[in-house]
Amino acid sequence: MSNKISMELAGVDELIKQIEELGRKGASIENKALKQAGEMMADEIKKETPVDTGRLRDSIEVSHIKQMKKQGKYVYVGTDLPYGWMIEFGTWKMNAYPFMAIAYEANKDKAQKIIIEEMRKGLGL
């Protein structure tokens, strides 16, 4: 089980509609906006990641752009290290330390603003 957060383009329907009308250029704008928001979120998660060896913190990364028909485009931000979810959710021997949830909740509005700003900039608005 991997430990990742999904970033979606939610609440920006009108901008998405304008971008989709631009075709490939619009897709490029959308992708850049998602990647930038994902990179910001990865940086913030790294700040919250508990550090012993630094391996977990250093494993936090942003996926390539992914797309699902109903959900639209998104990126995953997180780690594939097997113990990442143990730290996030805890085990029967260890209390949870939800470092990813903490960073996500503190920065989700900032991520959405980055997405909106980058899409507007790309559209020349």
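The following paragraphs describe the helices, strands and salt bridges of a predicted model. Local features are reported only where pLDDT is at least 70 and side-chain atom pairs only at pLDDT 80 or more, while totals for chains, interfaces and linings use all residues. Residues are numbered from 1 along each chain as its sequence is written, and side-chain values rest on heavy atoms, with hydrogens and water left out.

Two helices provide the starting point. Helices (H or I, at least four residues) and strands (E, at least two) are taken as DSSP runs and numbered from the N terminus. Helix 2 has 25 residues and spans 36 Å from its first C-alpha to its last, close to the expected 36 Å; the expected span is 1.5 Å times one less than the number of residues. Helix 5 likewise has 25 residues, and its end-to-end C-alpha distance of 35 Å is close to the expected 36 Å. Helix 5 nevertheless contains a kink of about 55°, centred on N107, where the bend at a residue is the angle between axes fitted to the seven residues ending there and the seven starting there. After helix 5 comes G124, which has a positive phi near 75°.

Burial can be followed along both helices. A residue is buried under 20% relative accessible area, exposed over 50% and partly exposed in between (1.4 Å probe, protein chains only). In helix 5 the buried residues are F99, M100, A103, N107, A111, I115, E118, M119 and L123. The kink centre N107 is thus one of the buried residues of helix 5. In helix 2 the buried residues include G26, I29, E30, A33, L34, A37 and G38, and further along M40, M41, A42, E44 and I45 are buried as well.

The two helices are also linked through charged side chains. A salt bridge is a side-chain nitrogen of Lys or Arg within 4 Å of a carboxyl oxygen of Asp or Glu, and six are counted by this rule. One of them joins E118 to K32, with the closest N and O atoms 3.9 Å apart. Because E118 belongs to helix 5 (residues 99-123) and K32 to helix 2 (residues 24-48), this pair ties together parts that are 86 residues apart in sequence. E118 is buried at a relative accessible area of 9%, whereas K32 is partly exposed at 45%.

E118 also forms a salt bridge with K121, at 3.1 Å from N to O. Both residues lie in helix 5, three residues apart, which is about one turn of the helix. K121 is exposed, with a relative accessible area of 54%. Through shared partners, the salt bridges join K32, E118 and K121 into one network. An α-helix has 3.6 residues a turn, so residues three or four places apart point the same way.

Another salt bridge connects D58 and R57, with the closest N and O atoms 3.2 Å apart. Here D58 is exposed at 54% relative accessibility and R57 is partly exposed at 28%.

The strands complete the picture. Strand 4 (residues 72-79) is mostly covered, with six of its eight residues buried. Strand 2 (residues 61-62) pairs with strand 4 in the antiparallel sense over two bridges, pairing being assigned if DSSP finds at least two bridges between the strands. In this arrangement E61 stands opposite G78 of strand 4. Strand 3 (residues 66-68) is also antiparallel to strand 4, over three bridges, and M68 has G72 as its bridge partner. Strands 3 and 4 form a hairpin with three residues between them.
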